[in-house]
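Colleague: I'm new to this one. Can you walk me through it?

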Amino acid sequence: MLEYLRDIAHRTGTKEGCAEGDCGACTVVLGELSPDGTKVGYRAVNSCIRLLPTIDGQDLVTVESLRARDGTLHPVQQAMVDHHASQCGFCTPGFVMSLFALYLQRESPTREQVLEALSGNLCRCTGYRPIIDAALRMGDYPTPPHWSREQARSPARLQALHGLRRERSLTIPGFHAPRSIDELAAALEANPGAVVLAGGTDIGLWVTQQLRELPSIIYIGEVTELKRIRSDAAGILIGAAVPLTEAWAAIVSAYPALAELALRFGSPPVRNSGTLCGNIANGSPIGDAMPALIVLGAQIELRRGNHTRHLPLDEFYLGYQRKDLAAGEFIVSVKVPAPRPGLRLASYKLSKRFDQDISAVCAAFAVEREGDRITAARIAFGGLAAIPARARATEAALIGRPWHHDSFESAAAALVEDFEPLTDLRATSKYRLQGAGNLLRRFCIEFAAERVGSAIAAGSPTAMRTADLAQGAR
């Protein structure tokens with residue numbers, strides 16, 4: 001998409017910085033009809049790793065789009081000018097577009113919401129303060145004559161996007177976008193060597209970083225059945241084409257303990273393009289979604305032709321980049337079970353940066369207990385080894401034991417039976433193993449307060465010390 005904008009459309013305000021979706025200089029905003037066709041949603045995406053045919057029928061908004069015909073700047077742009085928020089200017093269009101997406105979504109964003117919206121944009125001049133000031137004041141300006149919130153949601157724009165909808169599948173040399181799940185299954189069965197494309201946040205790097213020639217691509221983003229989320233008493237069913245933004249929102253609504261993990265999973269532009277099932281199918285050892293999904297007992301639905309099967313996620317990964325996935329088979333959905341009463345759940349991530357960074361270690365814990373005795377435990381780690389996996393020896397070391405630091409120390413010692421941690425640029429094997437053990441200890445401390453609550457009321461010195469430790473961990 002970035003090459004198209006700069007070389008063909010001559011929209012040169014959109015810049016190339018990193019060509020891997022990290023810096024945000026290439027940010028644009030896409031408008032897309034909801035699956036039911038009743039509204040339009042506008043979101044920021046990285047154009048440097050988004051394949052152009054995937055935006056067929058969508059509204060592509062660049063920084064040039066915002067300025068009115070009479071030269072009037074959009075409130076986002078005017079706020080950036082008034083607060084001196086542009087230094088060298090190279091990154092400025094990307095910041096403007098991320099803030100424009102936020103402008104359409106929220107009338108008065110908080111500072112935290114601004115920081116989240118900008119977490120995928122880097123300023124090489126380190127001038128974030130005036131940019132944040134501009135973001136906090138952009139809502140104070142009069143309604144613009146062009147690209148107001150009302151205009152973005154207007155029936156005319158909805159009708160215009162309906163007019164762009166394709167009646168038949170888009171098929172061009174090397175690219176096929178089926179419109180139904182049956183058509184998708186037939187296409188992949190006929191061409192099992194094709195790459196299944198969802199958001200492209202990983203496949204895009206094959207082009208920009210590895211300079212690979214892509215094989216035939218079958219794109220699933222036009223399959224309406226795969227773009228839906230369904231919730232019932234049994235859990236949440238998330239289709240393979242559901243963007244991470246919606247997928248994480250659904251999961252966090254059921255499991256609020258995963259809110260920080262969702263926030264740190266890439267940046268908003270990455271989450272707006274990438275999909276949860278794409279992250280699962282990619283099978284990277286550092287895919288942050290997998291440990292949490294594994295401990296929750298998630299299952300995936302797989303389909304090949306007319307045959308469908310279900311598989312627990314912790315049985316899907318066989319080795320580095322090896323999965324229990326036959327030729328011509330694809331992921332239809334992932335099902336996350338409904339919360340169980342009394343489940344203690346947490347997921348933690350160790351990385352060099354808080355925002356948009358690859359994990360050195362990502363851990364997830366789901367533990368149940370009766371009284372003070374641990375009755376069930378599911379523990380999984382990503383980043384330690386070739387695949388995200390359960391720590392079964394560590395789990396066994398906890399089950400039947402009291403909720404006490406000695407129990408968790410024994411469990412931490414068992415980690416060496418579960419993993420042979422790797423060493424790479426992000427961390428050494430020693431760091432990873434120690435970090436994994438410390439995350440397990442953190443989990444113990446954070447939930448220790450439940451155990452000692454009644455003792456605190458009675459003034460138990462031991463309980464008071466444990467409570468102090470738990471508070472310090474927070």
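Colleague: Where is Gln 58 found?

Modeller: This is a predicted model, to start with. Gln 58 is in the loop between β2 (40–46) and β3 (59–61).

Colleague: Is Gln 58 buried or exposed?

Modeller: Buried. Its relative accessibility is 12%, and the cut-off for buried is under 20%.

Colleague: What lies 3.3 Å from a polar atom of its side chain? I mean Gln 58 again.

Modeller: The backbone oxygen of Thr 54.

Colleague: And which residues is Gln 58 in contact with, leaving aside neighbours within four places in sequence?

Modeller: Leu 30, Gly 31 and Glu 32 are on the list. So are Arg 50, Leu 161 and Leu 164.

Colleague: New topic, strands. How many residues of β9 are buried?

Modeller: Five of its five. Strand β9 covers residues 235–239 and is mostly covered.

Colleague: Which way do β8 and β9 run, parallel or antiparallel?

Modeller: Antiparallel, with four bridges joining them. Strand β8 is residues 229–232.

Colleague: How many residues sit between them in the hairpin, β8 and β9?

Modeller: Two. As for a facing pair, Asp 232 stands opposite Gly 235 in β9.

Colleague: What about β9 and β14, how many bridges there?

Modeller: Five, and the pairing is antiparallel again. Strand β14 spans residues 330–337. Within that strand, Val 336 is the bridge partner of Ile 236.

Colleague: Where do side chains point in a regular strand?

Modeller: They alternate between the two faces of the sheet.

Colleague: Switching again. Where does Glu 167 lie?

Modeller: In the loop between α8 (155–164) and β4 (170–172).

Colleague: Buried or exposed, Glu 167?

Modeller: Exposed. Glu 167 has 77% relative accessibility, and exposed means over 50%.

Colleague: How far is its C-alpha from that of Arg 179? Still on Glu 167.

Modeller: The two C-alpha atoms are 8.9 Å apart. Along the chain, Glu 167 and Arg 179 are twelve residues apart.

Colleague: Let's zoom out. How many helices and strands are in the protein chain?

Modeller: There are 20 helices and 18 strands.

Colleague: What radius of gyration does the chain have, against that of a compact globule?

Modeller: The chain has 24 Å. A compact globule with 474 residues would be near 23 Å, so the value agrees.

Colleague: And what box do the C-alpha atoms fill?

Modeller: Roughly 70 × 55 × 45 Å, along the principal axes.

Colleague: How much of the chain is buried?

Modeller: Buried residues make up 51% of the 474. The chain exposes about 21,400 Å². Carbon and sulfur atoms supply 52% of that area.

Colleague: What share of contacts comes from residues 24 or more positions apart?

Modeller: It is 63%, counting contacts with a separation of 6 or more.

Colleague: Last topic, cysteines. How many disulfides does the structure hold?

Modeller: Zero.

Colleague: Why is there no bond between Cys 88 and Cys 125?

Modeller: Their sulfurs are 3.8 Å apart, so they are too far for a bond. A disulfide needs the sulfur atoms within 2.5 Å. Cys 125 holds the closest cysteine sulfur to that of Cys 88.

Colleague: Is Cys 88 exposed or buried?

Modeller: Exposed, at 57% relative accessibility.

Colleague: Which cysteine sulfur is nearest to Cys 444?

Modeller: That of Cys 362, which is 20 Å away. Cys 444 is in no disulfide. At 7% relative accessibility, Cys 444 counts as buried.

Notes:
Residues numbered from 1 in each chain as written. Predicted model: local features only at pLDDT ≥ 70, side-chain atom pairs only at ≥ 80, totals over all residues. Heavy atoms only, no water. Buried < 20%, exposed > 50% of the residue type's maximum accessible area, 1.4 Å probe, protein only. Polar contact = N/O pair within 3.5 Å; in protein donor to acceptor, adjacent residues only side chain to side chain. Contact = heavy atoms within 4.5 Å. Pairing = 2+ DSSP bridges. Rg over C-alpha atoms; globule rule 2.2 N^0.38 Å. Areas by Shrake-Rupley, 256 points an atom, 1.4 Å probe, with all protein chains shown as cover.
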